[in-house]
Amino acid sequence: MNTADFRRAGHELIDWVADYLDNAEQYPVLPDMQPGDLVARLPERAPEQAEPIQSVWQDFLELVLPAVTHWNHPRFFAYFPANHSGPSILAELLSAALGVNGMVWQSCPAATELEQVVMGWLAKLLDLPADFTGVIQDTASTATLCALLCARESTTGFAFNQSGPQATADAGPLVVYASSEAHSSVTKGAKIAGFGAANVNLVAVDADRSLDPDDLASRIQADRAAGKVPCCVCATVGTTSSTAIDPLGRIGTLTQREGLWLHVDAALAGSAAIVPEMRWILDGIELADSFVFNPHKWLLTNFDCSAYYTRHPQILTRTFSILPEYLKTAHDQQAVNFRDWGIPLGRRFRALKLWFVLRHYGAEGLRTLIREHLALAQDFAAWVDGSDDFERLAPVPLQTICFRYNPDKGQATPRSEEAINQLNQTLLEAVNRTGQVFMTHTSLEGRFCLRLSIGQASTRARHVEQAKAVLLAQRPK
Ligand SMILES: *Cc1c(COP(=O)(O)O)cnc(C)c1O
């Protein structure tokens, strides 16, 4: 592609993106299609002959776009938010244009040093302990895997890295603890890191679904008595199902006493800590060994961008470092080589979008956004509480409301839980079929539960009002 064609296509594309941002609301949130529909409409082979970019673009509009779930739709209330913003999109374009690989300092000093700077800024915005050092990972799942690997190596004196699983065979299996509400990435990471899914010990939760530290203490004791080696606790701030917040202070006191690694997964909720009145969610973080949160979820920075912090960078780098001859540089003594701070060698220039976002919105702009979403969630929760036939199933400390339709609310002879579950499943399907809103569900103590997760960059009060209207209109008869 010559630059004249690039310029023309690029201008058109930016115009289209701006229109898309203005009009995202016009699209159905969920595409109306079945698995395999898009594959069936595309050729089986790549073209032999060159095609003009216009025909690729035409097919994007006609074939690909209708198969897109619009995460940036203001009425996307599913899963968890995935923010983006003008400055973030622009910086991603720049990053693609530069095409750098920030694997070592020399391979792009700007990528390394800007990453150090913005991770420092973020740490101060969240009021993290001064000895936390940050690195950007692709996702929270990867960050949690890194934490598990560091915990494993720190517990085994780096013997597992050296000798493989035999290193710990005599000492008994290493055990990872997390609450029964923790994210699936903990078990996935434990499988990949060689702990084995059977050695993930799921701790009971309290009534608010936060990890019960007394149960944790007794499980650690029981495991030691059984000849196992307690290694790591993964605490969650803002669980995926219901945004429950594990008590970091009590957990951290325990992990320090027992000599266990404490990793804190605040993938969604961490961003809320930039608001001083919400900083309490991280109380006790000073007792943690590592911490992750996703600016790509709730801080206007598009996917992917996960902020990982550790107070033991030397353990992290000793766990991951490799030094083949072809990667040695004259700066290895003075500079940080982020290649040694995670799993992949190659690294995208993700710091650029964080830098654009933090500067363009400023801390105050980001706090305003978070506060707005928190307030919308409280309003919706109050609406549920005051409704005749919707009821809330979990506290709302953050931006997600877990609730359900219950036409027998407050009545003496309610129908069976099973029947209520069925009603709610029907309601969710009907709601999502409208294309007006997209919500997902979870299960809390066997109760099928609707989740309204508020946090898209463009979501405002009127969109939450529309969600209420759709819910009311779609109630099963
Ligand atoms: C979203 C989420 C994850 C997974 O995040 P990825 O970045 O997609 O890996 C993990 N833990 C919690 C608590 C989450 O909310």
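1. Let me start with R224, which is partly exposed in this predicted model, with a relative accessible area of 36%. Its salt-bridge partner is E258, and the closest N and O atoms of the two are 2.9 Å apart. R224 lies in helix α9 (residues 213-225) and E258 in helix α10 (residues 248-258), so this contact ties together parts that are 34 residues apart in sequence. E258 is likewise partly exposed, at a relative accessible area of 24%.

2. You may enjoy the pair R347 and E115, a salt bridge whose closest N and O atoms are 2.9 Å apart. The two residues come from distant parts of the chain, 232 residues apart: R347 is in the loop between α12 (313-320) and α13 (351-386), while E115 is in helix α5 (residues 109-125). How much relative accessible area does E115 have? The value is 2%, so E115 is buried. R347 has 9% relative accessibility and therefore counts as buried. With the cut-off for buried set at under 20%, the 9% of R347 qualifies, and so does the 2% of E115.

3. D131 and R311 are worth a look too, as their side chains meet in a salt bridge at 2.5 Å, N to O. This is another link between distant parts of the chain, with 180 residues separating the partners. D131 sits in the loop between α5 and β1 (133-137), and R311 in the loop between β7 (306-310) and α12. Is each partner buried or partly exposed? D131 is partly exposed, with a relative accessible area of 41%, whereas R311 is buried, at 18%.

4. Stepping back to the whole structure, a search finds 27 salt bridges. Some charged residues join up in a network of salt bridges: E92, D304, R348, R350 and K353 are linked in this way. If you are setting out to view the charged groups, that network makes a good companion to the pairs described above.

5. Now for the cysteines. How many disulfides does the structure hold? The number is zero. For C108, the closest cysteine sulfur belongs to C305 and is 16 Å away, so the two are too far apart for a bond. C150 has its closest cysteine sulfur in C146, at 6.7 Å, which is also too far for a bond. A disulfide would need the two sulfur atoms within 2.5 Å, and the 6.7 Å between C150 and C146 therefore fails that test. Both C108 and C150 count as buried, because C108 has 10% relative accessibility and C150 has 1%.

6. On the surface, E12, D15, D19 and D22 gather in a patch of negative charge. Where does E12 sit? Its place is in helix α1 (residues 3-23). With 47% relative accessibility, E12 counts as partly exposed.

7. One last stop is E465, found in helix α15 (residues 461-473). Its relative accessibility is 45%, so E465 counts as partly exposed. E465 and A430 are 35 residues apart along the chain, and their C-alpha atoms are separated by 17 Å.

Terms used: Residues are numbered from 1 along each chain as its sequence is written. This is a predicted model: local features need pLDDT of at least 70, side-chain atom pairs count only at pLDDT 80 or more; totals for chains, interfaces and linings use all residues. Side-chain values use heavy atoms; hydrogens and water are left out. Patches are made of residues with over 30% relative accessible area and no salt bridge: like charges are joined within 9 Å, nonpolar side chains (Val, Leu, Ile, Met, Phe, Trp, Tyr) within 5 Å. Accessible areas come from the Shrake-Rupley method with a 1.4 Å probe; for residues, only the protein chains shown count as cover. A salt bridge is a side-chain nitrogen of Lys or Arg within 4 Å of a carboxyl oxygen of Asp or Glu. Lys and Arg count as positive and Asp and Glu as negative; His and the chain ends are not counted. The place of a charge is taken as NZ of Lys, CZ of Arg, CG of Asp or CD of Glu. Helices (H or I, at least four residues) and strands (E, at least two) are DSSP runs, numbered from the N terminus. Buried means under 20% relative accessible area, exposed over 50%, partly exposed in between (1.4 Å probe, protein chains only).
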